[in-house]
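Reader: I'd like to learn how to read pockets and a ligand site in a model. Could you walk me through one?

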Amino acid sequence: MELPFAESFKIKMVESIRKSSREEREKWIKDSGYNLFGLKSDKVFIDLLTDSGTGAMSDHQWSEMMLGDESYAGASSYFKVKSAIQELLGFEYFLPTHQGRAAENVLFSVLVKEGDIIPGNSHFDTTKGHIEFRKATAADCTIDEAFDTTLSHPFKGNIDPVKLENILISSGENIPFIIVTVTCNSSGGQPVSIENLKMVKQLADKYGKIVVFDSARFAENAYFIKLREKGYQDKSIREIVLEMFACADVMTMSAKKDAIVNMGGFIAMRSKELHTKASVFNIMFEGYITYGGMSGRDLNALAQGLYEGTEFDYLETRIRQVEYLGKRLMDFGIPVQQPIGGHAVFVDAKRFLPHLPKEEFQAQTLAVELYLEAGVRGVEIGALLADRDPVTRENRYPALELMRLAIPRRVYTNNHIDVVAVALKNIYDRRETIRKGLKIVTEAPIMRHFTVTLDRVC
Ligand code: F0G
C-alpha cells in the first residue's frame, strides 16, 4: 500500500486557541461593524484572514533571531540578507523595508508620477493604492480565463500579450514599468508561467520598459511551474526561481509570505543608479539603508526564511494543505476558483449566493456567515476591496466576488481545515435562507476594506 502524504515538519511549540458560542460571535461581529478586520483575534477560532506574517518560524529561524546584529549601520544581518538575495534571487542590490507596501512606497516614489499607467496582472490592493495615491492608473492585463472561476487553466496569473502590447503602443510614453505579481493574489493565488514571464520581458525590452515583480509568493509560483510547465519537472525550485527573476529588473517583496517571517520586506534591483535613487526615500520613510525598518534579528530570520521557503519539501507540504481544503470544498459542491491557488482557497461568492444583489456585498456577507458558523475568519476579495473609482467615486464591482481563505504557513493541522470545510458546507446547505446582505455605514477614502463599518440590510 502506498504511504499517505505527511507534513515535512513536526511541532515543537504550540499556542492555545479558543472556541466560542454563536451568541457570543453574533455580538462580537456586530460590535466590529460586520468587518472581520475589526475582531479581536482571541474571538477567532481558526484565523484564515491572511497568510501574511502569520506563519510559524522554524527552530533555525528562531536561533538566527539570537544572532541578530543590531548595529545601526553595516550590520552583519544586512549582509546575510544581501547574500541570500544574491544567491537565491540573483539581484546585486537591495534595500530592506519593514514590509511589502513599504517597498512599493519607496520604489514608486522614484518611478511613478501623476498620469502614469502601470500595466500588470490584477495588481494587489496596496500596489494599486500606492499607484492611485500618486494619481496614476493600474491597467489590468490579466488573461480573460482568470475571471472564469469554473475554468481550469494552469497559469491563471498570466498576462495577456495582446492586452499588454496594445497598452504599450497606445500609452507607451506614460508607462514607467510593467509589474507582474507572482503568484497573482487578486485572481486567486494563481501562478504565472515562465513562458509568460519571458514574453513580458521581451515586450518590455521591445518598448524600452523595465519589469518589476511583486514577489510576495515567488516560491509558490516556482512550485507550480515545476508541477505544471513543460520542461521544468526535473529542475529544482531554486533553479526555477533564478530563471523567473532573470525576467525582472526590480522586485518588491513582502517577506511576510514566502520568506516566512512575521514582519519584513525589501526591494531588490540590478541597477546601481536605481538603488541610489531609492536609498533617499528608504532613508526618509524606512530607516538607514542597511536596516530599513527592520531589526537585525528580523533580517536574520528573513535570510534563513528565504532558504527554507525555496525548499521543495516545505512547499509541497504547504501547497498540498491548501489543495486539501479546496478539494474538500469541491467535494461538497461549493464553488471555488479553479485550479486551487497557492496560498488560499477562493470561494466564488457570486455563485454561492447568486440571489443576493452585488450591492449587498456577497463575499463579505459570506465571510460574516462563516465567522458566525464556526469562528472561522476569512476575508472579502470583492467589491469592498475594489473600492470606489477615484474619479467618479462610484463603487467598483470587480469581475470576481470572492471570499478568501488564506492558510498561514506551518500553523494549522488538517483537522482545523476539516472544521472550515464542514462549516462552509453547513452554510452552503442553507444558502437559500440567506436573503439579506450588508450595507456600508462608514468608509475611508482609500483602502476602505480595512476599516469599513457595515450593517445588515433590513
Ligand atoms: N503584494 C502582494 C501580492 C501581497 O499579497 C501583499 C500583501 C503585498 C504586496 C503587500 O505586502 O502586507 O507586507 O505590506 N498581502 C497580504 C494579504 C496583506 O493578505 O494577501 P505587505
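Reader: Which elements each supply at least two residues of the lining of the second largest pocket?

Author: Keep in mind that this is a predicted model. To read a lining, go from single residues to the helices and strands that carry them. Here the elements are α5 (125-133), β4 (137-140) and α15 (383-386). Helix α5 gives the largest share, four residues.

Reader: And how many residues line the second largest pocket, and which lie nearest its centre?

Author: The lining counts 28 residues, with H123, K128, L385, A386 and P398 nearest the centre. By class, 13 are nonpolar, seven polar and eight charged. The volume of this second largest pocket is about 620 Å³.

Reader: Where does the second largest pocket lie relative to the domains?

Author: For that, check which domains give residues to the lining. Domain 1 (22-51 + 312-456) and domain 2 (59-309) both do, so the second largest pocket lies between them.

Reader: Now the largest pocket: what is its volume?

Author: About 1,600 Å³. Its lining has 38 residues, and M13, E15, A56, R410 and V411 are the ones nearest its centre. The elements giving two or more residues to that lining are α2 (59-66) and α12 (312-331).

Reader: What does the lining of the largest pocket look like by class?

Author: You get 15 nonpolar, 10 polar and 13 charged residues. As for its place, domain 1 and domain 2 both contribute to the lining of the largest pocket, so that one lies between them too.

Reader: Let's turn to the ligand. How many residues surround the ligand, and which are the closest?

Author: Start with the shell, meaning the residues with a heavy atom within 4 Å of the ligand. There are 16 of them, and T50, R101, S254, K257 and R404 are the closest. Helix α4 (residues 100-111) provides the largest share of the shell, three residues. By class, the shell has one nonpolar, eight polar and seven charged residues.

Reader: Which polar side-chain atom lies 2.7 Å from a nitrogen atom of the ligand?

Author: Look at the atom pairs one by one, backbone and side chain separately. The one you're after belongs to D214. R404 has a polar side-chain atom 2.7 Å from an oxygen atom of the ligand, while G100 places a backbone N or O atom 2.8 Å from a ligand oxygen.

Reader: How much of the ligand's exposed area does the protein bury?

Author: Compare the ligand alone with the ligand in place. Alone, it exposes 470 Å², and the protein buries 94% of that.

How values were computed:
Residues are numbered from 1 along each chain as its sequence is written. This is a predicted model: local features need pLDDT of at least 70, side-chain atom pairs count only at pLDDT 80 or more; totals for chains, interfaces and linings use all residues. Side-chain values use heavy atoms; hydrogens and water are left out. A polar contact is a pair of N or O atoms within 3.5 Å; within protein, one must be able to donate a hydrogen and the other to accept it, and residues adjacent in sequence count only if both atoms are side-chain atoms. Accessible areas come from the Shrake-Rupley method with a 1.4 Å probe; for residues, only the protein chains shown count as cover. Ala, Val, Leu, Ile, Met, Phe, Trp, Tyr, Cys and Pro count as nonpolar, Asp, Glu, Lys and Arg as charged, and the others, Gly among them, as polar. On a 1 Å grid over the protein atoms alone, a cavity is a set of points where a 1.4 Å probe fits but cannot get out, and a pocket is an open set with protein on both sides within 12 Å along at least five of seven lines; lining residues have an atom within 4 Å of a point. Grid points are joined across faces, edges and corners, and a volume is the space filled by probe spheres set on the points. Domain bounds come from an automatic or database domain assignment.
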